[in-house]
Amino acid sequence: MPDRIVPTVFLLAAFVAFAMHGCAKSRQDEDARQLLARVRTEFLHAWSNYERYAWGQDALRPLSKTGHDWYGQSLFMTPVDALDTLILMRFDAEAERARSLIVSDLSFDRDIYVKNFEITIRLLGGLLSSYQLTGDQRLLSLAEDLGNRLLPVFNSPTGLPYVYVNLRTGQTRDSVTNPAETGTLLLEFGTLSKLTGRPVFYEKAKRALVETFRRRSPLGLVGQSINVETGAWTNTDSHISGGIDSYYEYLWKCWVLFGDKDCRDMWAASIPAVNKYLADEIGGELWYGHADMQTGKRTKKTYGALDAFFPALLALSGDLERARRLQASSFKMWDLHGIEPEMLDCKTMRVVAGSYHLRPEIIESTYYLYHYTGDREYRRMGEKMFDDFVKYCRTDAGYAALADVISKQQLDEMQSFVLAETFKYFYLLFAPPETLKFDKVIFNTEAHPLSRMW
Ligand code: DMJ
């Protein structure tokens, strides 16, 4: 080949490669746009049916097309939980209706015992993030009123919160709780302190987190249940599943949101034990199971829908290698029956608990991994999961949980977190990054984005 032609050929090849890359990229962008539009439409289907059949109640029952209240009277669980998703997806009229309902009719002056953990992550978290997105002071006033009414939960001899509190009288009940319930409060209570200038919320919730951590075993693990009056563990089963999961999540996230070095140090003292005693290598795959917190003896090799939040947390804390491996296992669990079960035996791959409650955790992790790696594989996973989710869970009046992922029999249940979390994470996975700047927020465990202002 003559000398002059060589650079021309290279230039041409480079141009073709560039153009092909450009085409592939714009095709991917187009795919993502279409998926984003589908997610938005399906979210609206779920929300509109809530409006139609359960407006003003805590949740929609999508098969019977009725409303349901957790405590016999409504605390607007679905509108408060869904409001920031409505805002992010730019459903302006729907968001306005939800916001007016909340600010005009929501009152916490109720003679009912409520579960502190659920009310904190769904209602307090929802009010705070929606306040930050809208600047509507009435949302912050509601959050502060709620925070005041929840404070008596911490009046135990240990500072660990009771499970229930009466919103009007401040009386508390139920002293056996778990690390998720004692340790998943500081993002919300701390944010409330920062926004109101009243440190009491931060101090009480932080003490509860520290008191949980202090009671870890010499191995560095925490257990499944603890008595808030004696501080003694009543069940020493250790895992990352429901009942413990978000305790670990908040250790790391409170460091990131508030720059609280104690939280960073508690995380640093905890995560090696989790990886040492709970991680399981099974046939070349990474899973997390159960062990006794005192002896480290392995007890069960089960992993489930709730555990699937862990890749997100690993990725957020910088451990991308474990995050990717565990996400691959979570997806294998999902793909086994085309929808993930609540609990799986990861050695035998047999379903141990077959229900599916429309949980968000696996989608949350897919979103985090896509954010950190840019690997399109995660969007493909998300697309497959979204297709399955629509195929098996859509009803003519919203989305229904499944009683069994093998038979796909539906349940009359659509929890508020479906709108707060599941749809939000699907949406963010396919949305352009500027929709919500990942590094400017920390999501509470109910997917409410809290601004990183401090
Ligand atoms: C949500 O309420 C929260 O994500 C909580 O941390 C765990 N359970 C549900 C969703 O599965």
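**Exercise 1.** What volume does the second largest cavity have, and which residues line the second largest cavity?

*Solution.* The model is a predicted one, and the structure holds two cavities of 30 Å³ or more. The second largest cavity has a volume of about 30 Å³. As a next step, the lining can be read off: the residues around the second largest cavity are Glu-249, Lys-253, Phe-309, Ala-312, Leu-313, Leu-316, Glu-364 and Tyr-368. Two or more of these residues come from each of helix H9 (245-258), helix H11 (310-316) and helix H13 (361-373), and H11 gives the most, with three residues. Sorted by character, the lining of the second largest cavity has five nonpolar residues, no polar ones and three charged ones.

**Exercise 2.** Find how much space lies in the largest cavity, and sort the residues of its lining by character.

*Solution.* The space in the largest cavity comes to about 40 Å³. Its lining is made up of Lys-115, Asn-116, Phe-117, Pro-161, Tyr-162, Val-163, Thr-177 and Glu-181. When these residues of the largest cavity are sorted, four are nonpolar, two are polar and two are charged.

**Exercise 3.** Decide whether Asp-84 is buried or exposed, and list its contacts.

*Solution.* Begin by placing the residue: Asp-84 belongs to helix H2, which covers residues 77-88. Its relative accessibility is 0%, and because a residue counts as buried when this value is under 20%, Asp-84 is buried. Once the neighbours within four places in sequence are left aside, the residues in contact with Asp-84 are Ser-129, Ser-130, Leu-133, Lys-424, Ala-447, His-448 and Pro-449.

**Exercise 4.** Work out the order of the strands in the open sheet of three strands, and name the edge strands.

*Solution.* The order of this open sheet is S6-S7-S8, and the pairing is antiparallel. Strand S6 (176-177) and strand S8 (233-235) each pair on one side only, and these are the edge strands. Looking at one pair in detail, S6 and strand S7 (residues 225-227) run antiparallel and are joined by two bridges, with Val-176 standing opposite Asn-227 in S7.

**Exercise 5.** Describe how strands S10 and S11 pair, and state which residue of their hairpin takes a positive phi.

*Solution.* Strand S10 (residues 279-282) pairs with strand S11 (residues 285-288) in the antiparallel sense, over four bridges. Within this pair, Ala-279 stands opposite Tyr-288 in S11. The hairpin that S10 and S11 form has two residues between the strands, and it is Gly-283 that takes a positive phi, near 55 degrees.

Conventions:
Residues numbered from 1 in each chain as written. Predicted model: local features only at pLDDT ≥ 70, side-chain atom pairs only at ≥ 80, totals over all residues. Heavy atoms only, no water. Buried < 20%, exposed > 50% of the residue type's maximum accessible area, 1.4 Å probe, protein only. Contact = heavy atoms within 4.5 Å. Pairing = 2+ DSSP bridges. 1 Å grid on protein atoms, 1.4 Å probe; cavity = no way out; pocket = protein on both sides within 12 Å on 5 of 7 lines; lining within 4 Å. Points joined across faces, edges and corners; volume = space filled by probe spheres on them. Nonpolar A, V, L, I, M, F, W, Y, C, P; charged D, E, K, R; others polar.
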